[in-house]
Amino acid sequence: QRLLAGQTRSGLVPSLHAVAVGERSLYYRVGELRNEAGQTVGYVQVARGIPPHRATLQAFAAGLGVLWLLLTGGVLALVSWAAGRVLSPLREMTEVARSVTSADLTARVDVPAESDRETAVLGTAFNALLDRIESYVDRLRTFTSNAAHELQTPLTVLRGHVEIALRRERSPERYRETLELLDDRLGEFVQTLRALLTLTRLDRDDELDTEPVDLSDIVSDEASSMASRADTSGLSLAVDAPGPAWVDGQPQLLREAVRNLIDNALKYTPDGEVNVSVEADGETVVFACRDTGVGIDADELDRIGSRFFRGTEAGQVAADGSGLGLSIVARIVELHGGALRADSERGEGTHVEIRLPASGTGTATKTLTAEPSASDGW
């Protein structure tokens, strides 16, 4: 009866019970016997001796405990090593980011060769970002300095003429001459400001709303509008744009680029000829402008990509000009996924090409990496 106590009702998972019989320990189970009416008519009791494996189980448990401690320690060490490897570059990036100022943009993150792939990619991208920021800030400083100088000069000249005119009474004719001179200088000043605003707008834009444009029509129209100017200057302006040359672009910007190049060629060609042409060459449309003008020295040719830069001969041939026109042209070409190329020799003339991807062919390679100079001043 003692063994039966508490054994008449069992759960879903029956449990084992032990009982001591003399010096032996037994596992036992008790089950009920029922008749057809469901009444308990007796019990069945089954017992089995407990094998002497407690010491073995205790040793096994101790081994498992030691193994668990070793595995836990190994995992913690691995996590600590991995975290240090990942977080150390992040801490370095944080320190570099804190140290970077507009006055000092030279700091870079050290990316060891043994760094994991993700950390190396992040560090390289971070350094590339700093390179772009440094390049932009350097260009901005140069541009601001040059702009201040270029704007200061005409303002100083204007003020000088005004001061001279106000020193004493003058005749209406002399006042008129002074006002006409001021009007010319103000026109140059306004032209420079417009070029600066155009560059600012183009630098801000990364994408254009384009449409199919026939570059031959644009070149023919612009050349026709400048034909009288060429005749007045005694120059020959020849146009070779026989057939349609379709590109995907913004008509007004492409027209401005073409106008600047033709204007530049006419301005710096004292005598001789200017030839413009458009050719559809497979997947590329090429607009070329060749003149027999003053040309550019070999050591100055690389610098035509700088804003406000004007070559030595350009300053002697035409006093006006800000050195921004080709910068505008280059930015327009870049936004259209094209390339701007220039070849020149002093005294022999200049050859400038705009190469654009033909309509529906994708984006051409951009080969002009420097900032170009102006059409109204080499």
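**Sheets, helices and charged pairs in the predicted model**

The side chain of Asp291 places a polar atom 2.8 Å from the backbone nitrogen of Gly293. The model discussed here is a predicted one, and Asp291 makes a convenient point of entry to it. Asp291 belongs to strand 8. Although Asp291 is buried, it has no salt bridge; Arg290, the nearest side chain of opposite charge, is 8.9 Å away. A salt bridge calls for a side-chain nitrogen within 4 Å of a carboxyl oxygen, so the distance of 8.9 Å from Asp291 to Arg290 does not qualify. Leaving aside residues up to four places away in sequence, the contacts of Asp291 are Ala265, Thr269, Glu273, Val274, Glu348, Gly349 and Thr350.

Strand 8 takes its place in an open sheet of five strands, whose order is 5-7-8-10-9 and whose pairing is mixed. Strand 5 (235-240) and strand 9 (339-345) form the edges of this sheet, each pairing on one side only. From one strand to the next, the twist averages 10°. Six bridges join strand 5 to strand 7 (residues 272-281), and the two run in the parallel sense. Within this pairing, Asp240 has Ser277 of strand 7 as its bridge partner.

Two helices pack on the five-stranded sheet, and they can be taken in turn. Helix 4 (residues 215-225) touches strand 5, strand 7, strand 8 (284-291) and strand 10 (349-357). The direction of helix 4 makes about 165° with that of strand 7. Helix 6 (residues 251-267) also packs on the sheet, with contacts to strand 5, strand 7, strand 8 and strand 10. In this case the angle is given against strand 8, with whose direction helix 6 makes about 25°.

Helix 4 and helix 6 are also linked to each other through charged side chains. Of the salt bridges in the structure, which number 14, one is formed by Glu222 and Arg255, with their closest N and O atoms 3.1 Å apart. This pair connects distant parts of the chain, since Glu222 lies in helix 4 and Arg255 in helix 6, 33 residues apart. Glu222 is buried, with a relative accessible area of 7%, whereas Arg255, at 25%, is partly exposed. Glu222 also meets the side chain of Arg259 in a salt bridge, at 3.2 Å from N to O. Because Arg259 lies in helix 6 and Glu222 in helix 4, this second pair ties together parts that are 37 residues apart in sequence. Arg259 is partly exposed, its relative accessible area being 34%.

A further salt bridge is found in helix 9 (residues 325-335), which holds both Glu334 and Arg331. The closest N and O atoms of Glu334 and Arg331 are 3.1 Å apart. The two residues are separated by three places, or about one turn of the helix. An α-helix has 3.6 residues a turn, so residues three or four places apart point the same way. Within the pair, Glu334 is partly exposed, with a relative accessible area of 37%, while Arg331 is buried at 11%. To return to the charged groups of helices 4 and 6, salt bridges with shared partners join Asp221, Glu222, Arg255 and Arg259 into one network.

Helix 9 itself is largely enclosed by the rest of the structure, because 10 of its 11 residues are buried. Those buried are Gly325, Leu326, Ser327, Ile328, Val329, Ala330, Arg331, Ile332, Val333 and Leu335. Just after helix 9 comes Gly337, which takes a positive phi of about 70°.

The model also contains an open sheet of three strands, in the order 1-2-3 and with antiparallel pairing. Strand 1 (17-21) and strand 3 (40-49) each have a single partner strand, so one side of each is left without a neighbour in the sheet. The twist in this sheet averages 40° from one strand to the next. Strand 1 pairs with strand 2 (residues 24-34) over five bridges, in the antiparallel sense. Here Val21 stands opposite Arg24 of strand 2. Strands of a sheet pair through backbone hydrogen bonds, either parallel or antiparallel.

Definitions and conventions
Residues are numbered from 1 along each chain as its sequence is written. This is a predicted model: local features need pLDDT of at least 70, side-chain atom pairs count only at pLDDT 80 or more; totals for chains, interfaces and linings use all residues. Side-chain values use heavy atoms; hydrogens and water are left out. Two strands pair if DSSP finds at least two bridges between them. Helices (H or I, at least four residues) and strands (E, at least two) are DSSP runs, numbered from the N terminus. Axes are lines fitted to C-alpha atoms, for helices over the stretch in contact, and angles run from 0 to 180 degrees between N-to-C directions. Contact means heavy atoms within 4.5 Å. Buried means under 20% relative accessible area, exposed over 50%, partly exposed in between (1.4 Å probe, protein chains only). Lys and Arg count as positive and Asp and Glu as negative; His and the chain ends are not counted. A polar contact is a pair of N or O atoms within 3.5 Å; within protein, one must be able to donate a hydrogen and the other to accept it, and residues adjacent in sequence count only if both atoms are side-chain atoms.
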